[in-house]
Amino acid sequence: MNILIFGPNGSGKGTQGTLVKAKYNLDHIESGAIFRKHIGGGTELGMKAKEFINRGELVPDDITIPMVLDVLQNASKNGWLLDGFPRSLVQAEKLWDALQKGGEKLDFVIEILLPRSVAKNRIMGRRLCANDNNHPNNIFIDAIKPTGDVCRVCGGALTARADDQDEGAIDKRHDIYYDDKTGTLAAAYFYKALAAKGACKYIELNGEGSIDSIKKTLLDQL
């Protein structure tokens, strides 16, 4: 089973992705991990990507797409969950073409729907547990709201990530995600149009639900 997942920062995409990965024993492939794999391995593509990264520039699609495809083609036989890529309509189109040429199928595309204002509050409310960053704690979500500055799961100390408190950086990331003309939502809608033609299945999830309710809806449709 091969899955592509979309959702803005703050939507719980990472949480749901981890649950799906564990349920179906999939390789969870994140865009950042792809770059680290190639750069750490000293591949030709990795070295080219590193030059752009060191200059603070975006890595061009003609380098990024082959890197992504290489990781997907070498994933577990159970399949993969791709998270964090594509981020633009152009990348979505190029990735689809590359998947077709590489003989890679795409079974499901998941989109977690969440209003931009809610997504922003969730990011700024996130708190990280010193013992396990995956323990859910958020001061703006009643279901996982911690008591004071201790983790609701294990009692570990909680801290806020500096970039989670940077409104400018959050707005910049969301500007890219919520752009439905050329940005990430445009990429999601590209696959939604393909799903309407039977090329894959498209699942929409209400990101304002609880973690368990979203998980149940998702697993029922997979």
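**Contacts, sheet and cores of the predicted model**

Asn138 touches Arg122, Gly125, Arg126, Ile144, Lys145 and Pro146, leaving aside residues up to four places away in sequence. The model is a predicted one. Asn138 is found in the loop that runs between β5 (128–129) and β6 (158–159). Its relative accessible area is 3%, so Asn138 is buried. A polar contact adds to this setting: the Asn138 side chain reaches the backbone oxygen of Arg122 at 2.7 Å. Arg122 is also one of the residues that Asn138 touches.

Thr184 gives a second case of a buried side chain with a polar contact to the backbone. This residue is found in helix α8. Thr184 has a relative accessible area of 7% and therefore counts as buried. Its side chain reaches the backbone oxygen of Arg87 at 2.8 Å. Beyond residues up to four places away in sequence, Thr184 touches Phe6, Pro86, Arg87, Ser88, Ile176, Tyr177 and Asp179.

The strands come next. An open sheet of 5 strands has the order β2-β3-β1-β4-β7. The pairing in this sheet is parallel. Its edge strands are β2 (27–30) and β7 (201–206), each of which pairs on one side only. On average, neighbouring strands of the sheet are turned by 20 degrees against each other, direction ignored. At one edge, β2 and β3 pair in the parallel sense over 4 bridges. Within this part of the sheet, His28 stands opposite Leu81 in β3. Helix α8 lies across β1, β4 (108–113) and β7. Relative to β7, α8 runs at about 130 degrees.

Lys201 belongs to strand β7. With a relative accessible area of 54%, Lys201 is exposed, because the cut-off for exposure is over 50%. Lys201 touches Asp107, Phe108, Val109 and Ala195, not counting residues up to four places away in sequence. Gln221 is 20 residues from Lys201 along the chain, and the C-alpha atoms of the two are separated by 9.5 Å.

The largest nonpolar core has 38 residues. Leu82 and Tyr191 have the most contacts inside it. Six elements are listed as giving two or more residues to this core: β1 (3–6), α3 (44–54), α4 (61–73), β3 (80–83), α5 (89–101) and α8 (184–196). Another core, of 12 residues, lies apart from it. Val20, Leu26, Leu205 and Leu218 are among the residues of that other core. Leu82 touches Ile3, Leu4, Ile5, Ile29, Ile34, Val68, Leu72 and Leu95, again without residues up to four places away in sequence.

The cysteines were examined for disulfides. The structure holds 0 disulfides. A disulfide needs two cysteine sulfur atoms within 2.5 Å. For Cys151, the closest cysteine sulfur is that of Cys129, at 3.8 Å, which is too far for a bond. For Cys154, the closest cysteine sulfur is also in Cys129, at 3.5 Å, and this too is too far for a bond. Cys151 counts as buried, at 4% relative accessibility. Cys154 is partly exposed, with a relative accessible area of 38%.

Note on methods
Residues numbered from 1 in each chain as written. Predicted model: local features only at pLDDT ≥ 70, side-chain atom pairs only at ≥ 80, totals over all residues. Heavy atoms only, no water. Core = buried A, V, L, I, M, F, W, Y, C linked by side-chain atoms within 4.5 Å. Buried < 20%, exposed > 50% of the residue type's maximum accessible area, 1.4 Å probe, protein only. Contact = heavy atoms within 4.5 Å. Polar contact = N/O pair within 3.5 Å; in protein donor to acceptor, adjacent residues only side chain to side chain. Pairing = 2+ DSSP bridges. Axes fitted to C-alpha atoms, helices over the stretch in contact; angles between N-to-C directions.
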